[in-house]
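Please open the structure in a viewer and keep the sequence beside it. This tour proposes a series of selections and states what is found at each stop.

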Amino acid sequence: MIPEIDTILYASDLGESSRSAFLMAAKEAYRHNARLVFLNIVEPANSTTETMLDSFMEEGAVEQMRAQGIEKIKYLMQSRLDAFKQKDLKDKIPLQHEPITRVEEGPAAETIIKVADEIKADMIIMGTRTRTHSALGRFFVGSTAQSVMQLTNRPVLIVPLPED
């Protein structure tokens, strides 16, 4: 039996070169009439950085900066979706479902898998940059993509990205 693909999780670092991976995710969502969830992960600062920031800033300032940063990321994600609709879908059939944007905080690979489990994603799509042309370098995929592939039981589509 061929599995149905109803929900696709697209995980992105929002780099300028991530467009090709997003286009692949949108194409797959359209092909399968699937819901597309656009995810960005904000990795938490380490404890040393948090302590240093807290010692130099007023109480609550770090949390306020984090909240403002997340709002900016959400705005950027929505702007990219709007530009995609205007540029890439102009005069074409639109996606059947409005993409959903999510920003989560945590370690990248573990958070991608947690969200995929939560939304019951049928596929995870993400891009990776190849930083080397050696045989060994080609064997290893980007660390987040590699970890997701090793830790999930869901299909993962990896899209090679050009360097930013």
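The tour begins with the whole protein and then visits its cores, its helix pairs and several single residues.

**The whole protein**

Display the entire chain as a cartoon, and bear in mind that this is a predicted model. The protein contains six helices and five strands. Following the sequence from its start, one meets these elements in the pattern β-α-β-α-α-β-α-β-α-α-β. The C-alpha atoms occupy a box of roughly 55 × 40 × 30 Å, taken along the principal axes.

How many of the 164 residues of the protein count as buried? The share is 40%. Consider also the contacts between residues at least 6 apart in sequence: 80% of them join residues at least 24 apart.

**The largest nonpolar core**

Next, select I8, Y10, F22, L36, F38 and I125 and show their side chains. These are the residues with the most contacts inside the largest nonpolar core, which has 25 residues. Which elements each supply at least two residues of this core? They are strand 1 (7-11), helix 1 (19-32), strand 2 (35-42), helix 3 (61-87), strand 4 (123-129) and strand 5 (156-161).

Now centre the view on F38. Leaving aside residues up to four places away in sequence, F38 touches Y10, S12, L14, F22, M77, L81, I100, T101 and R102. Y10 and F22 are thus partners of F38, and they also belong to the residues with the most contacts inside the core.

A second, separate core can be selected afterwards. This core has 17 residues, including V115, I119, A121 and V148.

**Helix 1 against helix 3**

Select helix 1 and helix 3 together and hide the rest. The two helices pack at an angle of about 70 degrees, and their axes are 12 Å apart. Helix 1 is therefore roughly perpendicular to helix 3, because angles of 65 to 115 degrees are classed in this way. The crossing of the two helices is right-handed.

To view the contact itself, show R19, F22, L23 and A26 in helix 1, which meet L81, F84 and K87 in helix 3. The residues of this contact comprise five nonpolar, no polar and two charged. Both F22 and L81 take part in this helix contact, and both are also touched by F38.

**Helix 4 against helix 6**

Move on to helix 4 (residues 108-119) and helix 6 (residues 143-151). This pair packs at an angle of about 45 degrees, with axes 8 Å apart. Helix 4 is accordingly oblique to helix 6. Helix 4 passes helix 6 in a right-handed crossing.

Select A108, A109, I112 and I113 in helix 4, which meet T144, S147, V148 and L151 in helix 6. Six nonpolar, two polar and no charged residues make up this contact. V148 appears in this helix contact and is also listed in the second core.

Remain in helix 4 and select T111. Is T111 buried or exposed? T111 is buried, since its relative accessible area is 4% and the cut-off for buried is under 20%. Apart from residues up to four places away in sequence, T111 touches I41, E104, E105 and G106.

**Three residues in loops**

Select L14 in the loop between strand 1 and helix 1. L14 is not a glycine, yet it has a positive phi of about 65 degrees. L14 counts as buried, with 11% relative accessibility. L14 is also one of the residues that F38 touches.

The next selection is N33, located in the loop between helix 1 and strand 2. N33 likewise is not a glycine, and its phi is positive at about 55 degrees. N33 is partly exposed, with a relative accessible area of 41%.

Finally, select R154 in the loop between helix 6 and strand 5. What does R154 touch, not counting residues up to four places away in sequence? The partners are A116, D117, K120, A121 and I124. A121 is a partner of R154 and a member of the second core. R154 counts as buried, at 19% relative accessibility, because the cut-off is under 20%. If the viewer can report distances, choose the C-alpha atoms of R154 and E118: they are separated by 13 Å, and the two residues lie 36 residues apart along the chain.

Key: Residues are numbered from 1 along each chain as its sequence is written. Side-chain values use heavy atoms; hydrogens and water are left out. A nonpolar core is a set of buried Ala, Val, Leu, Ile, Met, Phe, Trp, Tyr and Cys residues joined through side-chain atoms within 4.5 Å. Buried means under 20% relative accessible area, exposed over 50%, partly exposed in between (1.4 Å probe, protein chains only). Helices (H or I, at least four residues) and strands (E, at least two) are DSSP runs, numbered from the N terminus. Contact means heavy atoms within 4.5 Å. Axes are lines fitted to C-alpha atoms, for helices over the stretch in contact, and angles run from 0 to 180 degrees between N-to-C directions. Angles under 35 degrees count as roughly parallel, over 145 as roughly antiparallel, 65 to 115 as roughly perpendicular and the rest as oblique. A crossing is left-handed if the near helix is turned anticlockwise from the far one by less than a right angle, and right-handed if clockwise. Ala, Val, Leu, Ile, Met, Phe, Trp, Tyr, Cys and Pro count as nonpolar, Asp, Glu, Lys and Arg as charged, and the others, Gly among them, as polar.
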